[in-house]
Amino acid sequence: MKQEIANRNASVLKTGAIVVACAFLFGFAMVPVYRIVCEHVFGIKLANGGTSPTSVADLVEDTSRTVTVQFVTSVNSKLPWSFAAERTSVDVHPGKLTEVWFDATNTSAQAIVGNAVPSVAPSNASLYFNKTECFCFTEQVLNAGETRRMPVRFFVDPQLPKSVRELTLSYTFYTNEVATQRLSETGSPLPTAG
């Protein structure tokens with residue numbers, strides 16, 4: 001009887017270990033799959049950081065035309081933050097570096113880590129929208145009741161097709177549950193060395 005229970009427990013443990021390993025591998029594989037789908041299917045550019053200073057320095061402003069860039073913001077329902085652009089739109093000349101500001105407020109009673117996911121529409125124009133600085137490149141930690149102004153610096157590539165006169169930059173903030181849990185346990189959203 002004890003041997004049968006021990007065999008069943010070992011079987012459950014083995015099955016649990018296999019499920020955990022598969023879940024880890026699935027999560028690990030999602031990053032490249034997400035990148036491939038966003039960049040190659042939807043045309044959303046997912047740079048690991050801002051555009052290089054060299055490419056910004058080589059820009060020539062096209063003053064012969066203006067592109068309207070609209071800003072749309074939203075917050076996932078699980079994230080108790082308010083989030084908005086300080087301006088709903090700006091008119092820019094392609095090739096001109098432009099700065100806009102966004103405000104986020106943590107309306108909860110605890111510190112929360114959030115990540116912003118950007119998208120650009122129309123999707124075929126996203127290849128011509130370049131961010132040199134963006135809060136979406138890093139985790140954002142807001143303490144209870146804290147408000148933060150966050151800049152986005154961007155330029156529209158002068159190679160943008162002339163038929164595109166309007167772009168929409170959308171951001172959705174999500175709770176980074178793993179980093180928020182780590183923050184509540186250790187006081188830091190990042191893993192500690194050692």
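Colleague: Which residue in β9 is the bridge partner of V117?

Modeller: In β9 that partner is T172; please keep in mind throughout that we are discussing a predicted model.

Colleague: What makes β5 and β9 a strand pair?

Modeller: Two strands pair if at least two bridges are found between them, and strand β5, residues 112–121, is joined to β9 by 8 bridges, so by that criterion the two are paired. Their sense is antiparallel. Strand β1, residues 67–75, is likewise joined to β9 by 8 bridges, but these two strands run parallel, and within β9 the bridge partner of V75 is F173.

Colleague: Why is the pair of F83 and F173 called edge-to-face?

Modeller: The ring centres lie 4.8 Å apart, where a pair needs them within 6.5 Å, and the planes stand at 90°, where edge-to-face calls for over 60 degrees; both conditions are met, and the pair is therefore edge-to-face. Since F83 belongs to strand β2 (residues 81–85) and F173 to strand β9 (residues 166–175), the pair ties together parts that are 90 residues apart in sequence.

Colleague: And what makes the pair of F135 and F173 stacked?

Modeller: Here the distance is 5.8 Å centre to centre and the angle between the planes is 10°; stacking asks for planes under 30 degrees apart, so the pair counts as stacked. F135 sits in the loop between β6 (129–133) and β7 (140–142), and because F173 is in strand β9, this contact ties together parts 38 residues apart in sequence.

Colleague: How do you know that F83, F135 and F173 are buried?

Modeller: The label requires a relative accessible area under 20%, and the values are 9% for F83, 4% for F135 and 0% for F173, so each of these residues is buried. Ring pairs link F83, F135 and F173 into a cluster that also includes W81 and Y171, and a search of the whole structure finds 11 aromatic pairs.

Colleague: Why is one side of β2 and of β6 left without a neighbour in the sheet?

Modeller: The open sheet of 4 strands is ordered β2-β4-β8-β6, with antiparallel pairing, and β2 and β6 stand at its edges with a single partner strand each, so one side of each has no neighbour in the sheet. The twist from one strand to the next averages 30°. Between β2 and strand β4 (residues 98–106) there are 5 bridges, and A84 stands opposite D103 in β4.

Colleague: What makes T105 buried?

Modeller: T105, in strand β4, has a relative accessible area of 19%, which falls under the 20% limit, so the residue is buried. Beyond its neighbours within four places in sequence, T105 is in contact with residues including W81, L142 and E146.

Colleague: How do you know that C134 and C136 form a disulfide, and why is the disulfide called right-handed?

Modeller: Their sulfur atoms are 2.4 Å apart, within the required 2.5 Å, so the pair qualifies as a disulfide, and the structure holds 1 disulfide. The torsion about the S-S bond is about 130°, so the disulfide is right-handed. C134, at 7% relative accessibility, is buried, and C136 is buried with a relative accessible area of 14%.

Terms used
Residues numbered from 1 in each chain as written. Predicted model: local features only at pLDDT ≥ 70, side-chain atom pairs only at ≥ 80, totals over all residues. Heavy atoms only, no water. Phe/Tyr/Trp six-rings, centres within 6.5 Å; stacked < 30°, edge-to-face > 60°. Buried < 20%, exposed > 50% of the residue type's maximum accessible area, 1.4 Å probe, protein only. Axes fitted to C-alpha atoms, helices over the stretch in contact; angles between N-to-C directions. Contact = heavy atoms within 4.5 Å.
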